[in-house]
Amino acid sequence: MIWKLDPECLWSDQHSASDYIINAGVKAVFCVADNCDICPTQYPLPFFRFPYADNVRLSEGQIGVPLKMMLTATGMGVTPIVVLCRAGLSRSVAFAALWFSYRRGIEFQEAVRRIREIRPGAFPHQLMIDQMDEYRRTH
């Protein structure tokens, strides 16, 4: 399934995404999973892969690069984008929430709260929450 955060950003697990990406009118894919099975050649659109594990500390660049690419894409009208990971519960939620917090000018924790309203089962790994929250507060 694909969940709609707002008109510009969706998030998904990779298995659902493969069925719905084209039908949802997605303009760019951001995969933040180290174990992504989706092949970029499946889709005639920009595909960006950031092979991140769920329970490791990411560097400032590992957070900043995909975030800036997502913000640039949506700022240029390349919407909607989809952020996906293996299950659509942690990494994709954390990155979608970070994007949402910047794009809408809200705190990261508020963005996570709003995502949980849409998908109550969304629960990023605590390390992901801590480092995304820290990144948002310091950048």
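Here are some questions and answers about how the labels on this predicted model come about.

Q: What makes up the protein overall, in helices and strands?
A: There are five helices and five strands. Going along the sequence, they come in the order β-β-α-β-β-α-β-α-α-α. Buried residues account for 50% of the 139 residues.

Q: Why is F30 called buried?
A: Its relative accessible area is 1%. The label needs a value under 20%, so F30 counts as buried.

Q: And why is F48 called partly exposed?
A: F48 has a relative accessible area of 28%. Partly exposed covers the range between under 20% and over 50%, so F48 gets that label.

Q: How do you know that F30 and F48 form an aromatic pair, and what makes it stacked?
A: Start with the distance: the two rings are 5.0 Å apart, centre to centre. The limit for a pair is 6.5 Å, so F30 and F48 qualify. Then the angle: there are 20° between the planes. Stacked means under 30 degrees, so that label fits too.

Q: Which parts does this pair tie together?
A: F30 is in strand β3 and F48 is in strand β4 (residues 47-49), so the pair links parts 18 residues apart in sequence. A search of the whole structure turns up four aromatic pairs. Elsewhere, ring pairs join F50, Y52 and F95 into a cluster.

Q: What makes R136 a charge over the ring of Y102?
A: The charged end of R136 is 4.1 Å from the centre of the Y102 ring. The distance cut-off is 6 Å, so that part of the test is met. R136 is listed as sitting over the ring, and that label also needs the charge to be within 35 degrees of the ring normal.

Q: Why is E8 called buried?
A: E8 has a relative accessible area of 15%. Since the label asks for under 20%, E8 counts as buried. E8 is in the loop between β1 and β2.

Q: How do you know that E8 and R103 make a polar contact?
A: Their side chains are joined at 2.7 Å. The cut-off for such a pair of N or O atoms is 3.5 Å, so the distance fits. Leaving aside neighbours within four places in sequence, the residues in contact with E8 include T79, P80, W99 and R103.

Q: Is T79 buried or partly exposed, and why?
A: T79 has 23% relative accessibility. Buried stops at under 20% and exposed starts at over 50%, so T79 is partly exposed.

Q: Where is T79, and what joins T79 and P80?
A: T79 is in the loop between α2 and β5, and P80 is in the loop between α2 and β5 as well. A cis peptide bond joins them, with omega at about -5°. Neighbours within four places aside, T79 is in contact with E8, G25, K27 and T74. The C-alpha atoms of T79 and A28 are 7.5 Å apart, with their positions 51 residues apart along the chain.

Q: What makes the largest nonpolar core, and which residues have the most contacts inside it?
A: This core has 47 residues, and L5, W11, V29, F95, I115 and M132 have the most contacts inside it. Among the elements that give two or more residues are β1 (2-6), β3 (28-31) and α5 (126-138). Helix α3 gives the most, with eight residues. Nonpolar side chains in soluble globular proteins tend to be buried together.

Technical notes: Residues are numbered from 1 along each chain as its sequence is written. This is a predicted model: local features need pLDDT of at least 70, side-chain atom pairs count only at pLDDT 80 or more; totals for chains, interfaces and linings use all residues. Side-chain values use heavy atoms; hydrogens and water are left out. A nonpolar core is a set of buried Ala, Val, Leu, Ile, Met, Phe, Trp, Tyr and Cys residues joined through side-chain atoms within 4.5 Å. Buried means under 20% relative accessible area, exposed over 50%, partly exposed in between (1.4 Å probe, protein chains only). Helices (H or I, at least four residues) and strands (E, at least two) are DSSP runs, numbered from the N terminus. Rings of Phe, Tyr and Trp (its six-membered ring) pair if their centres lie within 6.5 Å; planes under 30 degrees apart count as stacked, over 60 as edge-to-face and the rest as tilted. Contact means heavy atoms within 4.5 Å. A polar contact is a pair of N or O atoms within 3.5 Å; within protein, one must be able to donate a hydrogen and the other to accept it, and residues adjacent in sequence count only if both atoms are side-chain atoms.
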